[in-house]
Amino acid sequence: MSKETSDKGSKTHVIKRDDGWAVKGEGASKARKVYDTKERAIYESSRLLKPGDELVIHKKNGAIDSIKSKK
Amino acid sequence: MAFSRNVFINCPFDKEYQDILKPILFTLKYLGFTPRIANERFDSGEVRLDKIEELLMESQFSIHDLSRIKAKYLGEYFRLNMPFELGLDLGCKKYHENKFRKKKFLILESEKYAVQKGLSDLSFGDCKCHNNDPETTVTIIRNWFVEVGFVVDDPPSKIWDHFNYFYSNLFIKKKKEGFSKKEIEELPILEFLDAINYYLNTL
């Protein structure tokens, strides 16, 4: 299995944290921001997507909820 | 597989528990340990108890999750396999010599002090409560290895983030191969472990 990285733009994740939902670039050492709600994290991070970028939205258990991209 | 790097996992195998088991497997691999679990191989001709005994004798460390021993509805039989296997493991340490005396146990529960209500024979002062939360489980596993003497540089949040990245990679790869979301979430344990291995090798 090859490591699946986007060969287009960047990949950002919305990940559950104990204090909310973090928006984090893949491989970044720190989260860009932690929001109180998942909906807010998705909304704010979606606004910053550039063409080719992917937003990976995770469930509380780490599995994938959905993947958004901007064409 | 070295005794000192093996971790026997005694846990339920129902679908609901996968949310806790998968982060346990990932965290163990991330920290350089080998999970040993009864369903790592399926052989209908093999006596399950023999397999359990073999696994716990090959593992210096054990994680015993007793969070599912409580009956959920009237008339349900209590689930005794997990406490039974904990007893076998404790006996292995107590009645054997040499390396088995170094065995260490982590006992998990989902509600604080719940285990003590049904199993008061042993003092479970160090029973850790995961609240059925996957992220908390990662923190518990990582911190336990620190408590038993290992040096772990990465904080729990970094391991949790990597678990999420791993799951993302797995999802994308398997989707391309034609797996449905349900099939990806229900991958056999061995296939899941192989995928973890590959991900960690690319770090």
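Helices and strands are DSSP runs, numbered from the N terminus; a helix has at least four residues and a strand at least two. The model shown throughout is predicted.

**View 1. Chain B alternates strands and helices, then ends in helices.** From the N terminus on, the order is β-α-β-α-β-α-β-α-β-α-α-α-α. The secondary structure of chain B comes to eight helices and five strands. Chain B has 203 residues, and 48% of them count as buried. Take the contacts in chain B between residues at least 6 apart in sequence: 66% of these join residues at least 24 apart. The exposed area of chain B is about 10,200 Å². Carbon and sulfur atoms supply 52% of that area.

**View 2. A salt bridge links B:Glu85 and B:Arg48.** The closest N and O atoms of this pair are 3.6 Å apart. B:Glu85 belongs to helix 3 (residues 81–95) of chain B, and B:Arg48 to helix 2 (residues 48–57), so the bridge ties together parts that are 37 residues apart in sequence. Which of the accessibility classes fits B:Glu85, buried or exposed? B:Glu85 is buried, at a relative accessible area of 5%. The cut-off for buried is under 20%. B:Arg48 has 40% relative accessibility and counts as partly exposed.

**View 3. B:Glu191 and B:Lys174 meet in a salt bridge.** Here the N to O distance is 3.0 Å. B:Glu191 lies in helix 8 (residues 189–201) of chain B, whereas B:Lys174 lies in helix 6 (residues 156–176), so this pair ties together parts that are 17 residues apart in sequence. B:Glu191 is partly exposed, with a relative accessible area of 28%. B:Lys174 is buried, with a relative accessible area of 10%. Side chains of opposite charge can pair when their charged atoms come close.

**View 4. B:Lys173 and B:Glu177 form a salt bridge.** The side chains of this pair meet at 3.3 Å, N to O. B:Glu177 is partly exposed, at 41% relative accessibility.

**View 5. Four residues join into one salt-bridge network.** B:Lys174 is buried, at 10%, and B:Glu191 is partly exposed, at 28%. Salt bridges with shared partners join B:Lys173, B:Lys174, B:Glu177 and B:Glu191 into one network. The B:Glu191 and B:Lys174 bridge appears in View 3; the B:Lys173 and B:Glu177 bridge appears in View 4. Over all chains, the structure holds 18 salt bridges.

Key:
Residues numbered from 1 in each chain as written. Chains lettered and ligands numbered in written order. Predicted model: local features only at pLDDT ≥ 70, side-chain atom pairs only at ≥ 80, totals over all residues. Heavy atoms only, no water. Buried < 20%, exposed > 50% of the residue type's maximum accessible area, 1.4 Å probe, protein only. Contact = heavy atoms within 4.5 Å. Areas by Shrake-Rupley, 256 points an atom, 1.4 Å probe, with all protein chains shown as cover.
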